[in-house]
Amino acid sequence: MPSASELTRLRARYRDIFETVRQQLEARLLQERAAFSCQDCGPVADMDAALSQAHPGCGYRPWLKLLPQALQSDIGQDVWRRLQEIEAYKKTFSCHMCGVCCRFASSEFSFEELLGKARQGDGFARQFTSIFLPYESTQAARERFPAMVEDVLSHVAPKEAVYFYHCPYVGEDNRCTIYGRPQRPGICDTYPDTPLTFIYERCAWKPWQDAVGNDALLAHATIELCAYWLARIERILEETAS
């Protein structure tokens, strides 16, 4: 999972990238809308306004019917190719077994909160709590990873909590002592499953993250926007069916 400090930075970057993606996609979709017209609807500045104007018999209804195809096939295929390229590039790197990903993880959630999430069906929380244990205290984590703990704490607001974790199954040689056994969860085999996870500065995967991190955020922003618009369009078409 992303560290607390990395999560703060990711959120800031994601907000900027999300806004850029929103503007680009809206310009593209609204340009296609210009091929249609409705005597009851006026000009719009963004997608929210365009979707809010929909009404039974609207002249823009044919445009609305075309949008799912554009969002799922055209834009969706672009995102899929981007994600495939990110995954393919990852295969050009390999772990050099520094062991940091096993010995240091941080979260805004306590161990009890993560257990609660696991009971509610959160797959990642279930896997994480199946092997990771909390450090006894922040000081205990600091004694092992002083610079990394300070980096995390420097990006956490005074009233925000942060918790540090470690895996007890990593050996002194940095090898997993339960490798190949059923209790080893999938999150260990696939780490890092995306470049948006926490990656140690000297980790073998860090160059991959630095190279593709923005592309991953662009892909996730696009997916989020398309999912939001698809849900709205489906509801609008049902409500305005004549």
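A crossing of two helices is called left-handed if the near helix is turned anticlockwise from the far one by less than a right angle, and right-handed if clockwise. The model examined here is predicted, so that local features need pLDDT of at least 70 and side-chain atom pairs count only at pLDDT 80 or more, whereas totals for chains, interfaces and linings use all residues. Residues are numbered from 1 along each chain as its sequence is written, and side-chain values use heavy atoms, with hydrogens and water left out.

Helix H5 (residues 111-119) passes helix H6 (residues 123-131) in just such a left-handed crossing; helices here are DSSP runs of H or I with at least four residues, numbered from the N terminus. Their axes (lines fitted to C-alpha atoms over the stretch in contact, with angles from 0 to 180 degrees between N-to-C directions) lie 7 Å apart, and the packing angle is about 130°. H5 is therefore oblique to H6, given that angles under 35 degrees count as roughly parallel, over 145 as roughly antiparallel, 65 to 115 as roughly perpendicular and the rest as oblique. On the H5 side the contact (heavy atoms within 4.5 Å) is made by Phe 111, Leu 114, Leu 115, Lys 117 and Ala 118, and on the H6 side by Ala 125, Arg 126, Phe 128 and Thr 129. Six of these residues are nonpolar, one is polar and two are charged; Ala, Val, Leu, Ile, Met, Phe, Trp, Tyr, Cys and Pro count as nonpolar, Asp, Glu, Lys and Arg as charged, and the others, Gly among them, as polar.

A second pairing joins helix H3 (residues 61-90) and helix H10 (206-239). The axes of H3 and H10 come within 9 Å and cross at roughly 160°, which means that H3 is roughly antiparallel to H10. This crossing is also left-handed, and its contact comprises 22 nonpolar, two polar and five charged residues.

H6 and H10 recur in the lining of the largest pocket, to which H1 (4-33), H4 (100-103) and H9 (186-190) likewise each supply at least two residues. The lining divides into 30 nonpolar, seven polar and five charged residues.

Two backbone features lie in loops. The peptide bond from Tyr 191 to Pro 192 is cis, with omega near -15°, and Pro 192 sits in the loop between H9 and H10. Met 97, in the loop between H3 and H4, has a positive phi of about 60° although it is not a glycine.
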